[in-house]
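Good morning, and thank you for the time on the agenda. Please have the sequence and the model open as I speak.

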Amino acid sequence: MINPTNQFMVDFTLPEELSRAFTDLIPYQRAVVDRYLSEGTLVNYALALEHAKLWAIFNANSEMEVLEMLADFPLTPFMRVEINQLTSFNTAEATPAFSLN
């Protein structure tokens, strides 16, 4: 991916009951999430406390590019997915404090 110009929010709805097949894939899902986070392609990834919803923010050039990335996520086939292009996404960037001592 070269210089993504858009951000997309993906809204996932998890199945009502998590099957063994689903839970067995969680470590693989986490590995893909970690890879995309380290690449900067995935900006944010959040799971609701009640585990029914999951949200992710992607940097991408198009919705098709997001769909291609979602194909890498092993849990995508188990969930309902809605993709929305964002007009803005604001976040507070945390900068580590340092000491001059």
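What is the volume of the largest pocket? I should say at once that we are looking at a predicted model. In that model, the largest pocket comes to about 210 Å³.

Let me turn to what surrounds that space. The lining is made up of L14, L18, F22, I26, Q29, R30, Y45, L47, H51, L54, L75 and M79. Two elements, α2 and β2 (42-47), give two or more residues to this lining. Of the elements, α2 gives the most, with three residues. By character, the lining divides into nine nonpolar residues, two polar and one charged.

I now move from the pocket to the core. As a general point, nonpolar side chains in soluble globular proteins tend to be buried together. Here the largest nonpolar core has 20 residues, and those that touch the most other members are V10, F12, F58, V66, L70 and F73. At least two residues of this core come from each of β1 (6-13), α2 (26-39), β3 (53-60) and α3 (63-70). The strand β3 gives the most, with four residues.

V10 deserves a closer look. Once neighbours within four places in sequence are set aside, V10 is in contact with L54, W55, A56, F58, V66, L70, V81, E82 and I83. One of these partners, L54, also appears in the lining of the largest pocket.

My last topic is the aromatic rings. There are three aromatic pairs in the structure. One of them is formed by Y36 and F73, stacked at 5.6 Å centre to centre with 15° between the planes. This pair joins distant parts of the chain, as Y36 sits in helix α2 and F73 in the loop between α3 and β4 (80-86), 37 residues apart. Y36 has a relative accessible area of 5% and is therefore buried, the cut-off being under 20%. F73 counts as buried too, at 2% relative accessibility.

F73 also pairs with F58, this time edge-to-face, with 6.0 Å between centres and 85° between the planes. Again distant parts of the chain are linked: F58 belongs to strand β3, F73 to the loop between α3 and β4, and 15 residues separate them. F58 has 1% relative accessibility, so it counts as buried.

Taken together, ring pairs link Y36, F58 and F73 into a cluster. Two of those residues, F58 and F73, were named earlier among the core members that touch the most others. I welcome your questions.

Notes. Residues numbered from 1 in each chain as written. Predicted model: local features only at pLDDT ≥ 70, side-chain atom pairs only at ≥ 80, totals over all residues. Heavy atoms only, no water. Core = buried A, V, L, I, M, F, W, Y, C linked by side-chain atoms within 4.5 Å. Buried < 20%, exposed > 50% of the residue type's maximum accessible area, 1.4 Å probe, protein only. Contact = heavy atoms within 4.5 Å. 1 Å grid on protein atoms, 1.4 Å probe; cavity = no way out; pocket = protein on both sides within 12 Å on 5 of 7 lines; lining within 4 Å. Points joined across faces, edges and corners; volume = space filled by probe spheres on them. Nonpolar A, V, L, I, M, F, W, Y, C, P; charged D, E, K, R; others polar. Phe/Tyr/Trp six-rings, centres within 6.5 Å; stacked < 30°, edge-to-face > 60°.
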